[in-house]
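Colleague: Please pick one part of this model and go through it slowly for me. I'm after the aromatic side chains and whatever sits around them.

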Amino acid sequence: MAQFGRPSIDQNNPGTYTDQAGGSTNIYLTIDEAVLDDADYVRSPLTPSSSVYVTKLSSITDPVSSTGHVLRARYAKDVAAGAQINMTVELRQGYVSEVTQGTLIATRTYTNITNAFTTDAYTLLGAEADAITNYADLYVRVVATQV
């Protein structure tokens, strides 16, 4: 049976990321849906400079398999911003803070993201999936930078 680890808490948001309405509390609620909704989203600062947001994922059961692990990201930039924005999305285990980032499981880099919502579904390699030892301690770390 398919399982989905969804955002369950804002682990690290030093007040720079907001939801689509400008709020900075519990912004993970805008990206935790089971059905895709582009009307709500997490937003980086307008001119991000290695700006970080981290969300903890909900616990899932160890599938006892090295296959079928997918990291999904949906992203876009503000048309008004116009500048080149690069973004990195990381799957980490054991993240505590920017000083103690835990174990990097997988990373995806997106260069000059577009102003149209785009979805990326990355299937983890067997070795990446095997590096997960605690399915209750997974995080997604996003870093946005204006070039």
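Modeller: Let's start with Tyr17, which counts as buried at 4% relative accessibility (buried means under 20% relative accessible area, exposed over 50%, partly exposed in between, with a 1.4 Å probe and protein chains only). Before we go on, this is a predicted model, so local features need pLDDT of at least 70 and side-chain atom pairs count only at pLDDT 80 or more, while totals for chains, interfaces and linings use all residues. Residues are numbered from 1 along each chain as its sequence is written, and side-chain values use heavy atoms, leaving out hydrogens and water.

Tyr53 is buried too, with a relative accessible area of 3%. Now for the ring pairs. Rings of Phe, Tyr and Trp (its six-membered ring) pair if their centres lie within 6.5 Å, and planes under 30 degrees apart count as stacked, over 60 as edge-to-face and the rest as tilted. That rule gives 4 aromatic pairs here. One of them is Tyr17 with Tyr53, a tilted pair at 5.6 Å centre to centre and 35° between the planes. This pair links distant parts of the chain, 36 residues apart: Tyr17 sits in the loop between strand S1 (7-12) and strand S2 (18-19), and Tyr53 in strand S4 (residues 51-57). (Helices, H or I of at least four residues, and strands, E of at least two, are DSSP runs numbered from the N terminus.)

Another tilted pair is Tyr95 with Tyr139, at 5.9 Å centre to centre and 45° between the planes. This one also links distant parts, 44 residues apart, with Tyr95 in the loop between strand S6 (85-93) and strand S7 (103-110) and Tyr139 in strand S9 (residues 138-146). Tyr95 is buried, at 2% relative accessible area, and Tyr139 counts as buried at 6%.

Next, the sheet that some of these tyrosines belong to. Its 5 strands run in the order S1-S4-S9-S6-S7, open and antiparallel. S1 and S7 are the edge strands, each pairing on one side only (two strands pair if DSSP finds at least two bridges between them). At the S1 edge, 4 bridges join S1 to S4, and Ile9 stands opposite Lys56 in S4.

As for the packing, a nonpolar core is a set of buried Ala, Val, Leu, Ile, Met, Phe, Trp, Tyr and Cys residues joined through side-chain atoms within 4.5 Å. The largest one has 24 residues, and Val89, Leu91, Tyr110, Leu124 and Ile132 touch the most other members. S4, S5, S6, S7 and S9 each give two or more residues to this core. Leu91 has plenty of partners: leaving aside residues up to four places away in sequence, they include Leu57, Leu71, Ile105, Leu124, Ile132 and Tyr139 (contact means heavy atoms within 4.5 Å). Apart from that core lies another, of 5 residues, among them Val52, Val54, Tyr95 and Tyr139.

Two backbone oddities in the loops round this off. Most residues other than glycine have a negative phi. Val64, in the loop between S4 and strand S5 (70-75), has a positive phi of about 50° and is exposed, at 75% relative accessible area. Asn112, in the loop between S7 and strand S8 (118-123), also has a positive phi of about 50°, and is partly exposed at 38%.
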